[in-house]
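Student: I'd like a close look at one part of this model, please: the helix at the start of the chain. Take me through its residues and its packing, and then show me how another helix packing compares.

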Amino acid sequence: KAEQAIRLAATVAYLSVCEMDRVSIYTVREGEVQEIIRGMVGKETYLAEIGKLNDIAFDGDSYINRAILPTSVGRGDGLSVIISDFLTDNNYEDAIDYLADRRRDILCMQILTREEFNPQIRGKMHLFDSENTSRYYRKNIDREIVKAYKEALKYATERIRDYCMARGADYMLVSAEDSVSEIFFGKLVNIGVLK
């Protein structure tokens, strides 16, 4: 998911600088926004700056709402893209509202792995949260647990999708294994974000 997030951010940035738009890229760590690239314009600047995405560490909790609200992120005209798995109980809705209230165009890109879409594990398992290894789940994974998981996943994906639709934001669910061309020239064209 981390690699796909970087690919998506780099591609959105590239398409934007080709249109001579100004691009800034931030990460959310805990409850803070961290600036990675600010005010990038043009292909030369893109080539000089985009490598900074490779230094992003994907660990710990991300409190999107707590991070975005007290900042100046998302001011002015333009598009705000939030790339996340959105598999959290933490509030992200207020961040979407904040950006919508500022008349930003919003695209939420939810990334899940093939295994998250359709888990194949069965039997006695000890699973750890990859972002916080102090959280774990030890259980015998049977058909009923997989069914409950799939229902919870359906709820989570529909929750973010419906929230985006209610706020006039675009939403796209992608697999970590999808190709960039499939996402940008297939899915984003289909939902009308790219023409």
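Tutor: Helices here are DSSP runs of H or I with at least four residues, strands are runs of E with at least two, and numbering goes from the N terminus. Please keep in mind that this is a predicted model. With that in place, let's begin with S16, which sits in helix α1. Is S16 buried or exposed? Residues under 20% relative accessible area are called buried, and S16 has 17%, so it counts as buried. Setting aside neighbours within four places in sequence, S16 is in contact with D21 and V23.

Now to the other end of α1, a helix that covers residues 2–18. There the side chains of E3 and R7 form a salt bridge, with N to O at 3.9 Å. The two residues are four apart in α1, about one turn of the helix. The general rule helps here: an α-helix has 3.6 residues a turn, so residues three or four places apart point the same way. The partners do not share one exposure class: E3 is exposed at 60% relative accessible area, while R7 is partly exposed at 33%.

R7 also takes part in a helix packing. α1 packs with helix α7 (residues 180–190) at an angle of about 50°, and their axes are 10 Å apart. The two helices are therefore oblique to each other, and their crossing is right-handed. From α1, the contact draws on Q4, R7, L8, T11, V12 and L15, and from α7 on V180, I183 and F184. Sorted by class, the contact of α1 with α7 has six nonpolar residues, two polar and one charged.

One more position belongs in this picture. V17 lies 8.9 Å from T45, C-alpha to C-alpha, although 28 residues separate the two in sequence. T45 is part of helix α2, residues 43–49, and is partly exposed, with 33% relative accessibility.

For your second packing, look at helix α4 (residues 93–101) and helix α6 (residues 143–166). Their angle is about 20°, with axes 11 Å apart. How do the two lie relative to each other? An angle under 35 degrees counts as roughly parallel, and α4 and α6 are therefore roughly parallel to each other. The crossing of this pair is right-handed. On the α4 side, E93, I96 and D97 meet R159, I160, Y163 and C164 of α6. This contact holds four nonpolar and three charged residues, with no polar ones.

Burial in α4 takes in E93, A95, I96, D97, Y98 and L99. The cover over these buried residues includes α3 (64–68), β3 (79–84), β4 (105–112) and α6. The loops on either side of α4 each hold a residue with a positive phi. In the loop between β3 and α4, F86 has a phi of about 55° although it is not a glycine. F86 is buried, with a relative accessible area of 3%. In the loop between α4 and β4, R103 has a positive phi near 60°, again in a residue other than glycine. R103 is exposed, at 73% relative accessible area.

α6 has an ion pair of its own to set beside the one in α1. E158 forms a salt bridge with K154, the closest N and O atoms being 3.0 Å apart. These residues are four apart in α6, and so separated by about one helical turn. E158 is partly exposed, with a relative accessible area of 26%.

To place these pairs in the whole, the structure holds ten salt bridges. Among them is the one between E35 and R38, where the closest N and O atoms are 3.2 Å apart. E35 is partly exposed at 45% relative accessibility, and R38 is exposed, with a relative accessible area of 58%. There is also a network of salt bridges that links K1, D85 and E116.

Technical notes: Residues are numbered from 1 along each chain as its sequence is written. This is a predicted model: local features need pLDDT of at least 70, side-chain atom pairs count only at pLDDT 80 or more; totals for chains, interfaces and linings use all residues. Side-chain values use heavy atoms; hydrogens and water are left out. Axes are lines fitted to C-alpha atoms, for helices over the stretch in contact, and angles run from 0 to 180 degrees between N-to-C directions. Angles under 35 degrees count as roughly parallel, over 145 as roughly antiparallel, 65 to 115 as roughly perpendicular and the rest as oblique. A crossing is left-handed if the near helix is turned anticlockwise from the far one by less than a right angle, and right-handed if clockwise. Contact means heavy atoms within 4.5 Å. Ala, Val, Leu, Ile, Met, Phe, Trp, Tyr, Cys and Pro count as nonpolar, Asp, Glu, Lys and Arg as charged, and the others, Gly among them, as polar. Buried means under 20% relative accessible area, exposed over 50%, partly exposed in between (1.4 Å probe, protein chains only). A salt bridge is a side-chain nitrogen of Lys or Arg within 4 Å of a carboxyl oxygen of Asp or Glu.
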